[in-house]
Amino acid sequence: MSPARPPRLLRLPRLPRLPRLPRPLARALVAAFALAVVAAIAWTMSRLDWSVVGVLFTRRDAGQIALLLGGSLLASTAGLSLGFLAWRVVLLELGPPVSGPRVVRIFFVGFLSKYLPGRVPGMIATAKVATVNGITFGRLMTTAALVMSLVLLSGFTVGLLAGVQMLGARAAWLAVAAVLIVVVLVRPQLVNQSSALLLRLLRRPAAARAASVRGVRLAVAWQSLSWVVTGLHLWPLAIAMGAPASRSLLLCVGAFTLATSVGIAAVFIPDGIGVREAVLTAALSVVLPTPAAAVVALASRLISTVSEVLLGAAALAIAEYLIRRGRSDPQEAPQPAVSPQHGSP
């Protein structure tokens, strides 16, 4: 048996550059964009129904409610972090390595940009940040297409936990997603082919390489775990409003996952606002009176938004610090010995 060859070094291709702006102007544009995002987040936070916190504190002892709210916020933040790991797996599968802080920067700039009115400013900012940090537009678009398909398939699958209790036999349509997830785990190449077809139909560039079998399966695992952990944030809120702990656990996990997936699928409604709350209220009405279920749905939106902002701001601050501390990245990156298109499971 011949000895294993050391990994080849692959010089990263030169990325196309936009006309270079004067440094003061470039910094001014970055600062203006950051201020716009902060203003959009502040406006969004001001529009949330904070009165639900007061309602929760009328239901139980203040110490108990504070503990339940803290647990809910922790679960939401942890679940979002796991979702980032799913996205990271796919991104790194589709091209040469990128340093961890730069991956964090790309993801969370796009993540927080969603608070800007309309989708175009956030998309432009994310594409620009990705290009500057070594990610081609085609690779970014392929990552988005792959991850979105995995998010929805795994979301509707986990949503079965609530769908069965809500709809009974009528929830059978959700089983289609579960079947598709099994198909993806058995034949991960289908995800690559589907995303490539979608990008061709949209006339958008695709990545130069496909995700490996192992990469797709790992992304499915991270995303499914993300749904479960994020959905757990609903459980303390439901308990605070009087839901039975044992009966409501699986319902809460499935209800949040199903409601969020439906909200994502409603692409013309920003962040699924209204749709998500309607589905959550209907699901939680199985274990709570409808007014109490509505309070939990509104409190869930509040917790989710706060956790998104806190996680995004903290992650970006740490990433920027690490990037600035180690000013330059290596110009060469190791090329895996096995091509991702033919990676082993």
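**Exercise 1. Count the helices and strands of the chain, then look at its overall burial and contacts.**

Step 1. The chain has 14 helices and 2 strands. Helices (H or I, at least four residues) and strands (E, at least two) are DSSP runs, numbered from the N terminus. Keep in mind that this is a predicted model, where local features need pLDDT of at least 70 and side-chain atom pairs count only at pLDDT 80 or more, while totals for chains, interfaces and linings use all residues. Residues are numbered from 1 along each chain as its sequence is written, and side-chain values use heavy atoms, with hydrogens and water left out.

Step 2. Now burial: 44% of the 345 residues count as buried. Buried means under 20% relative accessible area, exposed over 50%, and partly exposed in between (1.4 Å probe, protein chains only).

Step 3. On the outside, the chain exposes about 18200 Å², and carbon and sulfur atoms supply 70% of that area. Accessible areas come from the Shrake-Rupley method with a 1.4 Å probe, and for residues only the protein chains shown count as cover.

Step 4. Finally, take the contacts with a separation of 6 or more: 79% of them are between residues 24 or more positions apart. A contact means heavy atoms within 4.5 Å.

**Exercise 2. Find out how aromatic rings tie helix α3 to helix α4.**

Step 1. There are 7 aromatic pairs in the structure. Rings of Phe, Tyr and Trp (its six-membered ring) pair if their centres lie within 6.5 Å; planes under 30 degrees apart count as stacked, over 60 as edge-to-face and the rest as tilted.

Step 2. Start with F84 and F108, a tilted pair with 5.6 Å from centre to centre and 35° between the planes. F84 belongs to helix α3 (residues 62–93) and F108 to helix α4 (residues 100–113), so this pair ties together parts 24 residues apart in sequence. Both F84 and F108 are buried.

Step 3. Next come W87 and F107: their ring centres are 5.0 Å apart and their planes meet at 55°, so this pair is tilted. Since W87 lies in helix α3 and F107 in helix α4, the pair ties together parts that are 20 residues apart in sequence. W87 and F107 are buried too.

Step 4. Put it together: ring pairs link F84, W87, F107, F108 and F111 into a cluster.

**Exercise 3. Follow K114 to its ring and its salt-bridge partner.**

Step 1. The charged end of K114 sits over the ring of F111, 5.0 Å from the ring centre. A charge sits over a ring if NZ of Lys or CZ of Arg is within 6 Å of the ring centre and within 35 degrees of the ring normal.

Step 2. K114 also forms a salt bridge with E308, with the closest N and O atoms 3.1 Å apart. The two are in distant parts of the chain, 194 residues apart: E308 in helix α14 (residues 290–325) and K114 in the loop between α4 and α5 (120–132). A salt bridge is a side-chain nitrogen of Lys or Arg within 4 Å of a carboxyl oxygen of Asp or Glu.

Step 3. Which of the two partners is buried? E308 is, because its relative accessible area is 8%, whereas K114 counts as partly exposed at 37%.

**Exercise 4. Track down further salt bridges of helix α14.**

Step 1. A search of the whole structure turns up 4 salt bridges.

Step 2. E277 and R301 meet in one of them, at 2.7 Å from N to O. E277 is in helix α13 (residues 275–284) and R301 in helix α14, so the pair ties together parts 24 residues apart in sequence. Both residues, E277 and R301, are buried.

Step 3. R324 and E320 form another, with their closest N and O atoms 3.8 Å apart. This time both lie in helix α14, 4 residues apart, about one turn of the helix. R324 is exposed, at 52% relative accessible area, while E320 is partly exposed at 23%. Salt bridges with shared partners join R105, E320 and R324 into one network.

**Exercise 5. Work out the surroundings of L92.**

Step 1. L92 is part of helix α3, and at 25% relative accessible area L92 is partly exposed.

Step 2. Leaving out residues up to four places away in sequence, L92 touches V98, V103 and R139.

Step 3. From L92 to T143 the C-alpha to C-alpha distance is 9.1 Å, with their positions 51 residues apart in sequence.
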